[in-house]
Amino acid sequence: MSQYAQSSDAAALVSTSPPRRARRKFNVMSIVGTTPMILTAVGVFVICIIFSFIWSFTNSKLFPNFNFVGMDQYNRLWASDRWRISVGNVFLFGVCSLVANMVFGYLLAVFMDQRIKQEDLFRSIFLYPFAMSLVVTGLVWQWMFDPNLGIQSAVRQLGWTDFQFAPLTNQATAIYGVVLGGVWNGVGVTMAILLAGLRGVDAEIWKAAKIDGIPAWRTYLFIVLPMMKGALLTAFILQCTGVVRVFDIVIAMTQGGPGVATQMPAIYVIQHITDRVNVGQGMAAACTMLLPVLAVIVLQGVLQWNAKRKKEKAI
Amino acid sequence: MTSEALSPATTGASGAVEPRGAKPKKLTIGRVGVYAFLVIAALFFLMPLWVMIVTSLKGLPEIRLGQLFNLPAQVTFEPWLKAWDTACTGRDCNGLKPGFMNSLKITLLSVPVSIVVAMINGYALSFWKYKGSDLLFGILIFGAFVPYQVVIYPLIIGLSKVGLFATLPGIVIVHTIFGMPILTLLFRNFFASLPPELFKAARVDGAGFWQIFFQIMLPMSVPIAIVAVILQTTGIWNDFLFGTVFAGRENMPMTVQLNNIVTTTTGVREYNVNMAATILTAAVPLAVYFISGKWFVRGIAAGAVKG
Amino acid sequence: MTQHSVSIRDLSLNFGNVKVLEHLNLDIAQGEFIVLLGPSGCGKSTLLNCIAGLLDVSDGQIFIGGRNVTWEEPKDRGIGMVFQSYALYPQMTVERNLSFGLRVAGMKKDEIDKRVARAAEILQIGPLLQRKPVELSGGQRQRVAIGRALVRDVDVFLFDEPLSNLDAKLRSDLRVEIKRLHQRLKNTMIYVTHDQIEALTLADRIAVMKNGVIQQLSDPHTIYNKPVNLYVAGFIGSPQMNMLNGTLDGTTFTTDEGIAISAANYEFTTPVSGPTKAILGVRPEHIVLGEDARSMPFTLDVEIEIVEPMGSDTLAWTKIGGHPVTFRCNSDVDIKSGQKALIGFDAGRGSIFSVETTNRL
């Protein structure tokens, strides 16, 4: 069709044109400006991980070496009660924290969504713990869980003399004490994200549900909740990364105790590269910690690829 | 109860009376339930703060009575002074003061450095992509999910090789590195939300990489930069792990020192001093939180929007 | 032949495997007002961005003022550009917005002042110079955006849907103003839009685009009255051209339902031999009603189905054979739905397209 465009003196123009330069594909300044990013992405998140991986196959002690011992460190890792308990603990901690956090967070968000007059006040109260460090959180709750002077004794003095509430002193319950502290610190964030999600739901959905006579709790649970996948996922992922990294709060609250009741993989790694001077073992533990993250990323990749294929099919 | 609580009060059967005018205000059971839930939840959130404050103002004998929630019979500021000035960690008895100064130094240096770096990253990733820039960004986002333990040890070795391990510049670099994924994402999303025509117009006007950055983009990113400052100030002040590992004894931040003071096993446990120290450590981020108000919430929402 | 202001030679642009522009050629004369018209995704904005140097082309060359600028920076091409979203720098005053490019280029202060003053005078934005963009209305912002192109003192202006963000009233005001500006400055202007009214009113020539290819490049009158293919015929004109399916044999067009329409007055562009499947297109305003219809080569008694009074005129819907047909008549004419009426038209003023190639016959 382009014959309609005139091209009478094309030849003349082409002949006078200078030789074509190489394509300008990037700007040098862009690379200069992002040098820190290049160094971080490649140097830290690729090369450091590769080194961790390599050293996990060596018998490095205080300093790294390259005496390869095959899968030794991994075998020893999984033979260690301390590690296996750590893994069990982090799963228990993770599931409890996530469930408590998401359920309590959604409840708070829903209640906050009832045209509360003092919304800003309540929001400030629910969210302020997040501004405090997990060390502070851990220390406060440790103090409140003190068996002799904490909540337990305060309630007993009110006359309820056999009241039991000192989770940290008991091996079986210590981890739930940590969960409570963690939820206290982080649930406000979940609330804030989910409340934003609730407010983002199309207002006409509410009108439609109201006209259909659907009770509000049903609307929240069966209509609105599935519509805010984005906010839910955001809050969920945020909590997940917190769980994998859980360290500060445990150190502050229990130092992994009593016994090994609240020992965590993150603590295991740090202990092995500091006090226990066994870098090889620490690195094996660290690389194992990376596995669930990689699994999730691969899973997400597959899901995305699948979704893309479906989309293409639909077209 | 809740089902009624959540549905806006249905008009009562009016019977003989024709409804007219404004709907009469009613205090339904549902409404009471909503507030009851929120107030109880608020009490749960406020309890630790209350306990911290009253404990820090009591003398040790009063604390030993075990009345955790009671107001102090006799208010004393002794624990605060001790926590700040003379509390001991091992043999050092200088209180939290040095830790506060260290945290101040670390935060004041790390916040601007990490934000400037991330801002340029976000800008370049939005407007000046180059071959591989998206891949780098992908790696960076992956870095946001990586357990720190996987990179810590090689990073220790690397930093000591260049003589930066356990130094102030070293800890600043570490904070810049680990703040980069979230901050870069924050700024990239911000710049990506600007109309691309703005950038095109500046190109037609002849401005280059740095001119567009400094003259057009930087003045526009003040709001998002405030969010980043809040995010980073609280994040870096509250950091414990990197402080323990990378700061060294000379630059030990307040959180680490607090933990050492509280968990020190020698002598009598002075709960009031511990709580005073805890409040002092939390004071700066709490102040940032209460001053910034809505910005803080925005920061969380913005920082949390991943992938 | 005089030198072209802008010449595009065999330009192609691919995003990955997607071909956005394909071997495109276009010559624009000095001082010409060219409108690139098409639906979204047709490549018109992409082409404009290539001319501006904001997109790297995959193949081909771009000449501006006789100079090959294919790989030049945007600022070195001698162009000014106006964007749909205005793209004013929000933190700068109007004056600094106008002068930003000149300051970047390191121009002398008094020369900058002179140019800003001239642009402000032409666009009547003098009183706004110290304001920030947020303090301006949409129309004022767009004026400033035009001013930013003006101060560059260039030969070629590029407009990327400059009026699409404005409401209908302002749009028609600014349309006139752009036309006035063109008459005063006599610059070459390349104007992208999806609005056919803008295209028809402003352009010296219109390039109708589809899928990265220019379908027809011609003056507005020709585009409207002699569209080269079914696509252009359907895209231009509102309400759309009426299309009747049928067969063309010699100069007689017979609809599928067997209604014979003489096309004796029609100027064929290509000779037709034997019966050919064809489509006859007639603009709604070329169909006349009642007494006027009697003088037409083709007349038909029909029943009016729907009447839409538009104020200045009235649209009526009916059927020829099975095909729904709209026609436009004077708003004074009294017609009602359900009424019988005589309509007529001259196929010579219409367009006939081949079904096979969709091109004009």
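Start by selecting Leu36(C). Leaving out neighbours within four places in sequence, Leu36(C) is in contact with Lys44(C), Leu47(C), Leu48(C), Ile190(C), Val192(C), Ala207(C) and Met209(C). Keep in mind as you click around that this is a predicted model.

Now widen the selection to the nonpolar core. The largest one holds 269 residues, and Leu36(C) is among those touching the most other members, along with Ala277(B), Leu158(C), Ile190(C) and Ala207(C).

Next, colour chain C by secondary structure. You should find eight helices and 21 strands. The C-alpha atoms of chain C fill a box of roughly 75 × 45 × 40 Å along the principal axes. Of its 361 residues, 43% are buried. Turn on contacts between residues at least 6 apart in the sequence of chain C, and 67% of them join residues at least 24 apart.

Stay in chain C and pick out the strands E6, E7, E8, E3, E9 and E10. In that order they make an open sheet of six strands with mixed pairing. Which strands stand at the edges? Look at E6 (79-82) and E10 (213-218) of chain C: each has a single partner strand, so one side of each is left without a neighbour in the sheet. From one strand to the next, the twist averages 20°.

Zoom in on one pair in this sheet. E7 (residues 156-160) and E8 (residues 188-193) of chain C run parallel and are joined by five bridges. For a place to begin, click Val156(C), whose bridge partner in E8(C) is Thr188(C). Then show helix H4 (residues 138-150) of chain C, which lies across E6 and E7 of chain C and runs at about 170° to E6(C).

Another helix to select is H5 (residues 168-185) of chain C. How far does H5 of chain C reach from its first C-alpha to its last? Its 18 residues span 26 Å, close to the 26 Å expected at 1.5 Å a residue. Step just past the end of H5(C) and you come to Lys186(C), which takes a positive phi of about 60°.

Further along chain C, select E18 (residues 313-320) and E19 (residues 323-330). These two strands run antiparallel, with eight bridges between them. One pairing to check is Asp313(C), whose bridge partner in E19(C) is Asn330(C). The two strands form a hairpin with two residues between them, and here Gly321(C) takes a positive phi near 65°.

Time to move to chain A. Find Ser86(A) in helix H5 (residues 81-112) of that chain. Is Ser86(A) buried or exposed? Ser86(A) is buried, because 23 other C-beta atoms lie within 10 Å, where 20 or more are needed to count as buried. Setting aside neighbours within four places in sequence, Ser86(A) is in contact with Gln263(A), Met264(A), Pro265(A) and Tyr268(A). For a distance to draw in the viewer, try Ser86(A) to Thr190(A): the two are 104 residues apart in sequence and 26 Å apart in space, C-alpha to C-alpha.

For the last stop, show chains A and B together. Here 74 residues of chain B are in contact with 81 residues of chain A. Which helix gives the most to the side of chain B that touches chain A? Select H2 (residues 29-56) of chain B, which supplies eleven residues. Colour the side of chain B that touches chain A by residue type, and you get 53 nonpolar, 18 polar and three charged.

Methods. Residues numbered from 1 in each chain as written. Chains lettered and ligands numbered in written order. Predicted model: local features only at pLDDT ≥ 70, side-chain atom pairs only at ≥ 80, totals over all residues. Contact = placed C-beta atoms within 7 Å. Helix = DSSP H or I, 4+ residues; strand = E, 2+ residues; numbered from the N terminus. Nonpolar A, V, L, I, M, F, W, Y, C, P; charged D, E, K, R; others polar. Expected span 1.5 Å × (residues − 1). Buried ≥ 20, exposed ≤ 12 C-beta atoms within 10 Å, placed from the backbone. Core = buried A, V, L, I, M, F, W, Y, C linked by C-beta atoms within 7 Å. Pairing = 2+ DSSP bridges. Axes fitted to C-alpha atoms, helices over the stretch in contact; angles between N-to-C directions.
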